[in-house]
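Hi everyone, thanks for coming. I'd like to walk you through a structure that is new to most of us, so please have a look at it first.

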Amino acid sequence: MRLVLLGLPGAGKGTQGDRISEKYGIPHISTGSIIRESIASGTNLGQEADGYISKGELIPDELALRVVHERIIQPDCKRGWILDGFPRTVLQAQELDRRLAEGGLGVQMAFDIRVTQAEAIERIAKRRMCSQCGAVYHLEHYRAKGKGICDKCGGELYRRSDDTEETARRRLSVYMRQTHPVLHYYGQDGRLYSIDGVRPIDEVFADVDHYLQKLVKDDHVGEAR
Ligand code: AP5
Ligand code: MG
C-alpha cells in the first residue's frame, strides 16, 4: 500500500495517517515530524530547515526529496508507506514518481482531506502534540485524559512553534500557492480521492478506509491471477 495524504495544514493528515498505520501496519511518514525531530536534535538537516519551518515556508525541494528517499528505502517500508505532507510541490510529486518508477512501485492513492481555512485555523490553534511520541491531540475534539500528559506514553504535551495564528495563516497561503497544484497532478491520472474532512475523526477514517479496502481487494485479485 503506497499512499499520499494531502490537505491544508490542520486538515487531519497526521491524525488519519496514524489510524491507517495502526490498521494496516505500514509506516506513517510525516516529513514535518522528521524535520522537527532533526531541529530538536540539531542535525545538519535540522539547522538547514529551521529558518523555513519557523516562518511557515517550505524547505527546498531537494532537501525534502532527500528526507523521503532516505526513509522509504528502510526495510520497514517494504510492504508500503503513508506519506504525510509530501509531496508538497508538483516537482516533488514528479520526482517521487520518477524515482518509484525505477522499482515499478508508484503511488497508488492520494487522499485530499478537505477542510475550510477557518476550520484549519481553529484546529491548529487548539492542537497539542506529545513531546516524546508525537501523538496529536486537540483541546476539544480529541483531548488527552490527563491534563497536559500524553495518554500513550506519558510524555508532556506542547504547542508546535509554527502553530501561532500568524504562521498558520502563512502556511495556508503557501499551501494554496505551492501545494494545491499537486491535487491536479494526481487527479490527471485518477489517483486522487477527495475526502470531506469536516466530520468526526472516525467518520473521516471510515471514508478513507472504504477506498483502502478496495485497494487491498484489488491487490489480492491481481495476485491470484
Ligand atoms: P507538517 O508537519 O506536515 O504540517 P502541515 O502540513 O502544516 O500540517 P499539520 O501537521 O499542521 O496538520 P495535519 O493535517 O497533520 O493535521 P493534524 O492531524 O495534526 O509540515 C510542517 C512544515 O514542515 C511545513 O510548513 C514546511 O516548512 C515543512 N515541510 C514538511 N514537509 C515538507 C515538504 N514535503 N516540502 C517542503 N517543506 C516541508 O490535525 C490538526 C488538529 O485537528 C489536531 O489537534 C487534531 O487532533 C485535530 N483533528 C484532526 N482531525 C480532526 C477531525 N476530523 N475533527 C476535529 N478535529 C480534528
Ligand atoms: Mg501533521
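**A walk through the model**

Let's start with Asp-97: setting aside neighbours within four places in sequence, Asp-97 is in contact with Val-107, Tyr-185 and Arg-191, where contact means heavy atoms within 4.5 Å. Before I go on, a word on where this comes from: this is a predicted model, in which local features need pLDDT of at least 70, side-chain atom pairs count only at pLDDT 80 or more, and totals for chains, interfaces and linings use all residues. Residues are numbered from 1 along each chain as its sequence is written, chains are lettered from A and ligands numbered from 1 in the order in which they are written, and side-chain values use heavy atoms, with hydrogens and water left out.

Back to our residue. Asp-97 belongs to helix α5, residues 90-101. Helices (H or I, at least four residues) and strands (E, at least two) are DSSP runs, numbered from the N terminus. Is Asp-97 buried or exposed? Asp-97 counts as buried, because its relative accessibility is 17%; buried means under 20% relative accessible area, exposed over 50%, and partly exposed in between, with a 1.4 Å probe and protein chains only.

Two other helix residues make a nice contrast. Ala-40 sits in helix α2 and counts as exposed, because its relative accessibility is 70%. From Ala-40 to Leu-100 the C-alpha distance is 30 Å, with their positions 60 residues apart in sequence. Gly-187, in helix α7 (residues 165-187), is partly exposed, since its relative accessible area is 37%. Gly-187 and Ala-110 are 77 residues apart in sequence, and their C-alpha atoms are 8.7 Å apart in space.

Now to the parallel strands. Two strands pair if DSSP finds at least two bridges between them. Please find strand β3, residues 81-84. Strand β1 (residues 2-6) runs parallel to β3 and is joined to it by 4 bridges; there, Arg-2 has Trp-81 as its bridge partner. Strand β2 (residues 28-30) is also parallel to β3, with 3 bridges, and His-28 stands opposite Ile-82.

Which way do the side chains of β3 point? Trp-81 and Leu-83 point one way, Ile-82 and Asp-84 the other, and all are buried. In a regular strand the side chains alternate between the two faces of the sheet.

On we go to β4, residues 109-114, which is mostly covered, with 5 of its 6 residues buried. β4 pairs with β1 in the parallel sense over 4 bridges, and Leu-5 has Phe-111 as its partner there. Strand β8 (residues 192-196) runs parallel to β4 too, joined by 5 bridges. Ala-110, which we met a moment ago, stands opposite Leu-192 in β8.

There is also an open sheet of 3 strands, in the order β6-β5-β7, with antiparallel pairing. Its edge strands are β6 (136-138) and β7 (157-158), each pairing on one side only. Strand β5, residues 127-130, pairs with β7 over 2 bridges, and Met-129 stands opposite Tyr-158.

One detail that is easy to miss: the peptide bond joining Phe-86 and Pro-87 is cis, with omega about -5 degrees. Pro-87 lies in the loop between β3 and α5.

Finally, ligand 1. How many residues surround ligand 1? There are 35, and the closest are Thr-15, Glu-57, Arg-88, Arg-127 and Arg-171; a residue counts here if one of its heavy atoms lies within 4 Å. By class, this shell has 14 nonpolar, 11 polar and 10 charged residues. For the classes, Ala, Val, Leu, Ile, Met, Phe, Trp, Tyr, Cys and Pro count as nonpolar, Asp, Glu, Lys and Arg as charged, and the others, Gly among them, as polar. The largest share, 4 residues, comes from α2.

Let me point out some polar contacts, meaning pairs of N or O atoms within 3.5 Å; within protein, one must be able to donate a hydrogen and the other to accept it, and residues adjacent in sequence count only if both atoms are side-chain atoms. A polar side-chain atom of Lys-13 is 2.8 Å from an oxygen atom of ligand 1. A backbone N or O atom of Glu-57 lies 2.6 Å from a ligand oxygen atom, and a polar backbone atom of Ile-59 is 3.0 Å from a ligand nitrogen atom. Taken alone, ligand 1 exposes 1000 Å², and the protein buries 97% of that; these areas come from the Shrake-Rupley method with a 1.4 Å probe, and for residues only the protein chains shown count as cover. Thanks for listening!
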